[in-house]
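Reader: Walk me through one part in close-up, please: the aromatic rings and whatever they sit in. Before that, tell me where I should be careful with the model.

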Amino acid sequence: MSGLISTNSGCIPKNSDLQCDPIIRKYGESKQGLTRYILTLEELKKNDYPMKGSPGCKGYVHTECDQQRTDSSPLFGLDCEMCLTARGNEVTRVSLVDAQGQCLLNELVKPESTIVNYRTRFSGITRKMLLPVKTRLPDIQSRLKKILPHDAVLVGHSLNADLQALEMIHPSVIDTSLLFARNEGRRFKLKFLAKAVLGKEIQCDQNLGHDPTEDARAALELAQFFIEQGPAKVAELNLEMLLTTERLTEVSQNKSALQPQGCRVQKQSNDPPHLSKPCFLDCLQVTGQKPLLLGRQEVDSSGLCQSNLSTSNKQILQRALEDVPLSTFSIVQFSLGPEYIASHLPAGFCEKVRSKLTDMLTIYAGPFEESFCLKSVKKEFGKCGPIQSLTVVTETYQPYVCIQYEVLEAAQLAVESLDGAEVAGSCIKVQRPVTAATLDCDVLIQELEQDIENEGVIYVAGLKKSLSETDLQEEFSQLEGLETLFLPKDLQSGRHRNCCFLKFQTSQSAVDALEVINSWAVKGSKLRSRKALASGHLWRWIWQMNHSSGKQGGNSLCEKTVPLSDSEQDLRKKVKKLDQIIKKLYRSLQKNTLCVVLFPGTNSIHGSQSGLGLMGIKDNGGSSAC
């Protein structure tokens, strides 16, 4: 059949979508020996594997497996479980299996440092288990060196973390989290790969923690499957589509369990149709879930399910409160009225908002010596977050540097942590520009910190860009109560920024995490953190800025505040009322509901204006991670 991989030859037709599969792009179509899939030196370095001569690997033990690898070299599966100690993550259990899946080593290890968190939910380790244990890390290192032949190839899932915990260096590794390649640096979880590729269930919920022998064997079998079947057969599995279907099925089952018995939607088909380019709405239709539309606009044959279109925001809200909890996917459209579209915003409104944001994102640092090193300044201030622009101010008696950040948290972190610090050989002052727009900046920052949308959310900067999202999740997993990690990416390059946002189950967990991260900084870590400021109620803040800004954007202390016109006051009341309606609907939503609020922009003969989008996940307390 056209578009399918040939069963006999393993070749992919040129017009097949699988030609664009990241596995095919990385490895080609043909079967190859295991040496093709061993990580290169560049890949080892990029993925933070311990390497001989690396600064952070002093004192690490080498496996001494230096013999030339061939396609007949033996494979060994390795997995470790770690607990959190006063030193960080330390290994507490090690498992090694051979190419036949036979367990060669399954040993508990007692860390040298005091354990502060056993992480039993993931590690399966308890205090009682480690009480009689005498084995220490050097004992395990010696045993591994004796077991492994000189041409051994280690296989594991994100094996860099295991080798780091073992404090061992091994030159030949097949990492299954990288082997089954995905776009944009994302990685499949071992549990998913084991089920989708091998048909095996691992890390089951009823088990207490992970079984390292089971995980090591699963990683080994995944590598063997990839080598034996070849990239074409693996690409034919269409893992991305399988993952999408699995997630949609889980959502459907969870929603069905929460719905009253009489409101459950029956699936239209047991077997979903083939979707070469899956659309989200198509996937909903596959699972038998029809989207719900509530609003004023009539709809065409787009597949959306109309539901008694209403004429006022109050009527729409009433229907939404009744119907949205029973729907998997809902679109609710409110309106400010045709006379209040974006093109009719008050003159200069967008410029005032832009000016206010720009001033809050901008800081001045100095004074510096005439011959100061600009590169050193950029490096130091870059640790606070992504920099949009950096310029030298020479109109002053001594040079200053003007830095504009991309996120508000970075600018605030720079003001808090670098004011009075020594940078590039000078003791400097860090401050925002003194304008009418920034006079109440401290008040705004305090309000944003206390906003319910930012409850339990912290900002962390100074991340290594070489670390993947999986690596960061592992690094931060020792923080109690961590719920979600959000890693912003550069839209052009696709690489993540040097900062992230961490959402915790409670505000106290977030406060504790800040203390832990700051304690790491005292010990030499480059990470810096503070409370998040990215408000979910951005519109309310924007109107506050509009009221406080001057006529030309609020850039001069000499300007007088211009009173709001009648139309501006009326529009402000409309937006405030709409904000109350949206909050009422939001509070009625079930836990773990993904919410997106869109304020459309305009594109007319009078000019175009950007829209605004807010996103969050409803949690127990009614707040979200934005």
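Author: Be careful with residues 536–562, where pLDDT stays under 50 in this predicted model. For that stretch the model has 63 contacts beyond four places in sequence, so I'd read those contacts with the low pLDDT in mind, as pLDDT is the predictor's confidence in each residue. Residues 1–10 also stay under 50, and there the model has 14 contacts beyond four places in sequence. Over the protein chain the mean pLDDT is 78, with 75% of residues at 70 or more.

Now to the rings. The structure holds 8 aromatic pairs. Take Y27 and Y37, which pair edge-to-face, with 5.1 Å from centre to centre and 75° between the planes. Since Y27 belongs to helix α1 while Y37 is in the loop between α1 and α2 (41–46), the pair ties together parts that are 10 residues apart in sequence. Are these two rings buried or exposed? Y27 has a relative accessible area of 7%, so it counts as buried. Y37 is at 3% relative accessibility, so it is buried too.

Y27 has another partner in F226, again edge-to-face: the centres are 5.5 Å apart and the planes make an angle of 70°. That pair links distant parts of the chain, as Y27 is in helix α1 and F226 in helix α9, 199 residues apart. Like Y27, F226 is buried. Add F180 to the picture, and you get a cluster of Y27, Y37, F180 and F226 linked by ring pairs.

What's around them? F180 and F226 turn up again in the largest nonpolar core, which has 31 residues; both are listed with L75, I174, L179 and L193 as the residues with the most contacts inside it. Two or more residues of this core come from each of α1 (22–27), β6 (153–156), α8 (190–198), α9 (212–229) and α11 (239–258). Helix α9 gives the most, with 8 residues. If you want one residue to zoom in on, try L75: leaving out residues up to four places away in sequence, L75 touches L34, V97, D98, A99, V153, V155, I174, L220, Q224 and I227. Apart from this core lies another one, of 27 residues, including V94, L144, L159 and V173.

While you're in there, have a look at T135 as well. It's placed in the loop between α4 (127–130) and α5 (137–147). Loop or not, T135 has 16% relative accessibility, which falls under the 20% cut-off, so it counts as buried. Its side chain makes a polar contact with the side chain of E107, at 3.2 Å. Setting aside neighbours within four places in sequence, T135 is in contact with E107, L108, V109, K110 and I140.

Last stop, the cysteines. The disulfide count comes to 0. C83 has 0% relative accessibility, so it is buried. C427, on the other hand, is exposed because its relative accessible area is 58%.

If you only keep one thing from the tour, keep Y27: this ring from helix α1 pairs with Y37 in the loop between α1 and α2, and also with F226 in helix α9.

Definitions and conventions. Residues are numbered from 1 along each chain as its sequence is written. This is a predicted model: local features need pLDDT of at least 70, side-chain atom pairs count only at pLDDT 80 or more; totals for chains, interfaces and linings use all residues. Side-chain values use heavy atoms; hydrogens and water are left out. Helices (H or I, at least four residues) and strands (E, at least two) are DSSP runs, numbered from the N terminus. Buried means under 20% relative accessible area, exposed over 50%, partly exposed in between (1.4 Å probe, protein chains only). A polar contact is a pair of N or O atoms within 3.5 Å; within protein, one must be able to donate a hydrogen and the other to accept it, and residues adjacent in sequence count only if both atoms are side-chain atoms. Contact means heavy atoms within 4.5 Å. A nonpolar core is a set of buried Ala, Val, Leu, Ile, Met, Phe, Trp, Tyr and Cys residues joined through side-chain atoms within 4.5 Å. pLDDT is the predictor's confidence in each residue, from 0 to 100. A disulfide is a pair of cysteine sulfur atoms within 2.5 Å. Rings of Phe, Tyr and Trp (its six-membered ring) pair if their centres lie within 6.5 Å; planes under 30 degrees apart count as stacked, over 60 as edge-to-face and the rest as tilted.
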